[in-house]
Every structure is written in structure tokens, then in C-alpha cells.
Amino acid sequence: MGFPTTRMRRLRSSETLRRMVREHELTRDDLVLPLFIVEGLAQREPVASMPGVFRFSVREAVDECKRVRDLGVPAVILFGIPQQKDARGSGADRASGIVQESVAAIRGAVDDLCIITDVCLCEYTDHGHCGIVDGESVDNDPSVERLAAIALSHARAGAHMVAPSDMMDGRVAAIRSALDANGFENLPILSYAAKYASAFYGPFRDAVESTPQFGDRRSYQMDPPNRREALREMQLDLDEGADALMVKPALSYLDVLAEARRRFDVPLAAYQVSGEYAMIQAAAQNGWIDGERAMHEALVSIKRAGADWILSYAAADVAARLR
Ligand code: PBG
């Protein structure tokens, strides 16, 4: 029945009513904070293209984790930036590497925080690609072997969850079997299953110095126009043993997230990436939008689309406001 019998505005007329009919709510439990940790860094450095985001030393990362835990954020995801890079990304699976050292330090100081590690090669390779390079192409199977070794070294350091972000084929299965063969059968894998070759990663690549030295990532990350293909990627990763799936970026791929929510009964994560964060901050700094409201609206939209976990550089600020 339409107007005048139905008046949609009736249930919008006060904040109390709006609260009562609100369908989705962002909570601190939804949030995961990404942290950049730089080997050999003396003190924190701001990331120019991401206002409010820093590159931390190990010691400062520990302090940040305590602060984040006190704000009620349940999880962090760690990205390491090594001092030395080479073709194989040798720093990535060193027992004394930057992520391994950070995980151990954080675990020693903060016990009720879930420490997720990003498993990839791009921060550790001199060419900046997410795998082992043969000529101009990224060689899948040798890369997968490296990724399994990296995930295992993170597990040995004490990570609570590993998150492969490289987009090589078969890496979830390889990581699962490496973990299982070494006594980590209970360690969950969060797979960056539908990760697109996106322009929104620009500020991140500055922060971790991982811009490819030649070519781009389009031969392994997904082509933005494709949705059906994302669902195949997700199904494959589930079949290979992923415990949770990620869509990345978030805002431009909410349709993919919503479709994944309908299809898969596993926890779904969405990554509000560096460029999404930077756009809101930049517009807010110019006085063009209300940054806090815009951030909240963006995060709620990700929740509404179906995410259980939202990776966001604003996680700590938002948690402080939600408290
Ligand atoms: C790759 C990785 C990337 C991001 C997370 N993991 C970048 C890329 O694929 O170039 C992007 C995160 C962001 O933009 O915030 N290890």
C-alpha cells in the first residue's frame, strides 16, 4: 500500500526510533588494524599519503598494540618492511625477520590481541613483485613454495592467523599442508581470495616501498570488471582449506562482497585499502567532507554488504569513538 497509507518517514522521526529500526551496527569487534613495522627504524615516521598512519619500530609497534587492545580492537594485521631486499625475498621467512621479531615482541607484551600476519613477497623482493620472477613474468609454483615457507615462519614466531595476499594459484593448499605438517593444524588461514589489481593501493606501496620495478600486478591480481571470477577464486580457496575469505578493496567491490555473503557460510573480511582511507582523509583535511561521518558511513556500508571483519587504517580512531 502506497502513500498516504504508508509513510516511510514515520519510523525516522526521532533518534530513538531510528535506533530501533537500525539494521546494521558497526562495533569494535568488527575491526582489524593494519600496522607497518620497519626493520631498523629508530622512531615512528608518518606516511605522507595516509594522514594519521605511521611506520613503526618494533618497540613502538608493541606500544601501539597495547593502545589498540585497550581501545577494544580485537586484531591487528602486520606488514613488515625489511632492511634488505633481494630477488627471492629472503628476509620474508627469516626466523629473525621483521615480522617474526614483531610477532614475538607483541605476544610477549599483549596477550589478548589476535595477531594476523600478511603473507607476501612484495615487501621483501627487490623487484617488488609478489612472487619469484622469471624474466618479466611471475613464476607461480616456485612462488607458492616461498609463500608456504613464509607462513610457516610466521606460525613459528607465534602468529595467531596467517593471511596470504599474493594471489598465486594453489598457495592456500600449500600453506595449509606446510602448517599441518609442522604441528600448526589449528592455525587459521584468512585468504585474500578476491584481490583486485586496484589503483587504490597507491599509498600502501609508498608506505612499504613495494611498487613493482617493472610491469604491474595484473597477471596475478584480478581484473576489476570481474565478479563471477571472484566467486571462483573464493570457492577454490575454501576447497584448499581457507578458514575465512577476504575481498579487497572494499568500497569499489561491495557487490562482490554481498554476493560472497549470499554464497559462503564462512567469515568474510573486507579491506578498506590505503587509497580509500587517503581519499576520505584528504577531502576532510580540505574541509570538503566531515571525515568522521564519512569514515563511519564507509565502514557501515562494508558491514551492510556482509563483512564480518573490516581491515581499516581508521580502526583505532573509530574504536575510540565507538566506546
Ligand atoms: C600485498 C598487499 C598489498 C596490500 C596489502 N597486501 C598491496 C598490493 O597488492 O600492491 C594493499 C593494502 C592497501 O592498499 O592498503 N602484499
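Colleague: Which residue's side chain meets Arg 55 in a salt bridge?
Modeller: Keep in mind that this is a predicted model. In it, the closest N to O approach for this pair is 3.1 Å, which sits inside the 4 Å limit and so counts as a salt bridge. The partner of Arg 55 is Glu 209.

Colleague: How many residues apart in sequence are the parts that Arg 55 and Glu 209 tie together?
Modeller: Arg 55 belongs to strand S3, residues 54-56. Glu 209 sits in the loop between helix H6 (202-208) and helix H7 (228-239). The pair therefore links parts of the chain separated by 154 residues.

Colleague: Is Arg 55 buried or exposed?
Modeller: Its partner Glu 209 has 41% relative accessibility, so Glu 209 counts as partly exposed. For Arg 55 the relative accessible area is 10%, and the cut-off for buried is under 20%. That makes Arg 55 buried.

Colleague: Okay, on to helix H5. How many residues apart are Arg 176 and Asp 180?
Modeller: These two form a salt bridge, with the closest N and O atoms 3.0 Å apart. Both are in helix H5, which covers residues 171-181, and their spacing is about one turn of the helix. In residues, the separation is 4.

Colleague: And what does Asp 180 count as, in terms of accessibility?
Modeller: Arg 176 comes out at 12% relative accessibility, so Arg 176 is buried. Asp 180 is at 34%, and values between 20% and 50% fall in the middle class. So Asp 180 counts as partly exposed.

Colleague: Which residue is linked with Glu 15 and Arg 22 in a network of salt bridges?
Modeller: Glu 15 and Arg 22 bridge each other, their closest N and O atoms being 3.5 Å apart. Glu 15 is partly exposed at 38% relative accessibility, and Arg 22 is partly exposed too, at 46%. The other member of the network is Arg 18.

Colleague: How many salt bridges does the structure hold?
Modeller: The pairs we've gone through include Arg 55 with Glu 209 and Arg 176 with Asp 180. For the structure, the count is 21.

Colleague: Last one: Arg 7, Arg 9, Arg 10 and Arg 12 form what kind of surface patch?
Modeller: Take Arg 10, which lies in the segment before helix H1 (15-21). Arg 10 has 48% relative accessibility, so it passes the over 30% cut-off for patch residues. Arg counts as a positive residue, so the patch made by these four is positive.

Definitions and conventions:
Residues are numbered from 1 along each chain as its sequence is written. This is a predicted model: local features need pLDDT of at least 70, side-chain atom pairs count only at pLDDT 80 or more; totals for chains, interfaces and linings use all residues. Side-chain values use heavy atoms; hydrogens and water are left out. Buried means under 20% relative accessible area, exposed over 50%, partly exposed in between (1.4 Å probe, protein chains only). Helices (H or I, at least four residues) and strands (E, at least two) are DSSP runs, numbered from the N terminus. Patches are made of residues with over 30% relative accessible area and no salt bridge: like charges are joined within 9 Å, nonpolar side chains (Val, Leu, Ile, Met, Phe, Trp, Tyr) within 5 Å. Accessible areas come from the Shrake-Rupley method with a 1.4 Å probe; for residues, only the protein chains shown count as cover. The place of a charge is taken as NZ of Lys, CZ of Arg, CG of Asp or CD of Glu.
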